[in-house]
Amino acid sequence: RSVFLIKQWYQRRVRGTSVISANVASQHLKEGGLLTLTGAEPCLQGTSFMIGYGLSKAAVHQLTASLAQKNSGLPEGAVVHCILPKTLDTPMNRKFMANADFSTWTPMSYVAEMFTNWTENPSSRHPNGALVKILTKDNVTEQTLV
């Protein structure tokens, strides 16, 4: 397939769901609420091996920055974060990358606990608009801000 067709497919699939989430948040999120979007750590730089994916995830990073600004349409005091995992440990990733080193994949349980913590303890949240890199090495996961 051409780069253009791949880009279109990824934009509909990846960026589209983030825009829909932002729209729903603008209408239903409570003041002080939290919106989390999913970007990707590899897309902080060039992604010649997956151009469409890189373009789409970079758009999500930009959407996060825009939503964090005043008058973005989100409720007063709302916070938006974008997580940037390298590889999430999901059944589909295991299926398509069966020979990979799983000790470098971020467990979904870690992501769930992180989201729960941010939801239940607003003081644990990062600054509004944060891009939160989530990297796992030797089965140990850490968060850093970009």
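Modeller: Let me start with a definition: buried means under 20% relative accessible area, exposed means over 50%, and partly exposed lies in between. Please keep in mind that this is a predicted model.

Colleague: Thanks! Is Asn128 buried, partly exposed or exposed?

Modeller: Asn128 sits in the loop between helix H4 (108-120) and E5. Its relative accessibility is 35%. Because that value falls between 20% and 50%, Asn128 counts as partly exposed.

Colleague: Which residues does Asn128 touch, not counting residues up to four places away in sequence?

Modeller: Here the chain comes back to a part of itself that is well separated in sequence: Asn128 and Gly77 are 51 residues apart along the chain, yet their C-alpha atoms are 9.1 Å apart. With residues up to four places away set aside, Asn128 touches Ala68, Ala78, Val79 and Val80.

Colleague: Asn128 also helps line the second largest pocket. How many residues of each class are in that lining?

Modeller: The pocket holds about 190 Å³ of space. Its lining includes Leu67, Ala68, Gln69, Lys70, Asn71 and Ser72, and it also takes in Leu74, Pro75, Glu76, Gly77, Ala78 and Asn128. Gly counts as polar here, and Lys and Glu count as charged. Sorted that way, the lining has five nonpolar, five polar and two charged residues.

Colleague: Let's move to His81. How far is the C-alpha of His81 from that of Asn128?

Modeller: His81 belongs to strand E2 (residues 79-85), while Asn128 is in the loop between H4 and E5. The two are 47 residues apart along the chain. Even so, the separation of their C-alpha atoms is 6.6 Å.

Colleague: And is His81 buried or exposed?

Modeller: His81 has many partners beyond four places in sequence, among them Leu34, Leu35, Thr36, Leu37, Thr64 and Trp118. Arg125, His126, Pro127 and Ala130 touch His81 as well. Since the relative accessible area of His81 is 0%, which is under the 20% cut-off, His81 is buried.

Colleague: There is another histidine, His61. Which helix is it in, and which residues does His61 contact beyond four places in sequence?

Modeller: His61 is part of helix H2, and with a relative accessible area of 9% it is buried. Its C-alpha lies 8.9 Å from that of Leu84, which is 23 residues away along the chain. So to both of your points: the helix is H2, and the contacts are Gly39, Ala40, Cys43, Leu44, Cys82, Leu84 and Leu131.

Colleague: What is the reach of helix H2 from its first C-alpha to its last?

Modeller: H2 covers residues 51-67, which makes 17 residues. Several of them are buried, including Gly52, Gly54, Ser56, Lys57, Val60, Leu63 and Thr64. At 1.5 Å a residue the expected reach is 24 Å, and the model comes close to it, at 24 Å.

Colleague: Which residues of H2 does Ser18 touch?

Modeller: Ser18 lies in helix H1 (residues 3-28), and at 6% relative accessibility it counts as buried. Beyond four places in sequence, its contacts include Leu37. The other two contacts fall within residues 51-67, the range of H2: Val60 and Leu63.

Colleague: His61 touches both Cys43 and Cys82. How many disulfides does the structure hold?

Modeller: A disulfide needs two cysteine sulfur atoms within 2.5 Å. For Cys43 the nearest cysteine sulfur is that of Cys82, 10.0 Å away. Both residues are buried, Cys43 at 7% and Cys82 at 0%. The number of disulfides is zero.

Colleague: Which residues in the loop between E5 and E6 have a positive phi?

Modeller: That loop joins strand E5 (131-137) and strand E6 (140-145). Phi is near 50 degrees in one residue and near 65 degrees in another, and neither is a glycine. They are exposed, at 57% and 61% respectively. In that order they are Asp138 and Asn139.

Colleague: Lastly, what is the order of elements from the N terminus on?

Modeller: The chain has four helices and six strands. Of its 146 residues, 35% count as buried. Among contacts between residues at least 6 apart in sequence, 63% join residues at least 24 apart. From the N terminus on, the order is α-β-α-β-β-α-β-α-β-β.

Conventions:
Residues are numbered from 1 along each chain as its sequence is written. This is a predicted model: local features need pLDDT of at least 70, side-chain atom pairs count only at pLDDT 80 or more; totals for chains, interfaces and linings use all residues. Side-chain values use heavy atoms; hydrogens and water are left out. On a 1 Å grid over the protein atoms alone, a cavity is a set of points where a 1.4 Å probe fits but cannot get out, and a pocket is an open set with protein on both sides within 12 Å along at least five of seven lines; lining residues have an atom within 4 Å of a point. Grid points are joined across faces, edges and corners, and a volume is the space filled by probe spheres set on the points. Buried means under 20% relative accessible area, exposed over 50%, partly exposed in between (1.4 Å probe, protein chains only). Contact means heavy atoms within 4.5 Å. The expected span of a helix is 1.5 Å times one less than its number of residues.
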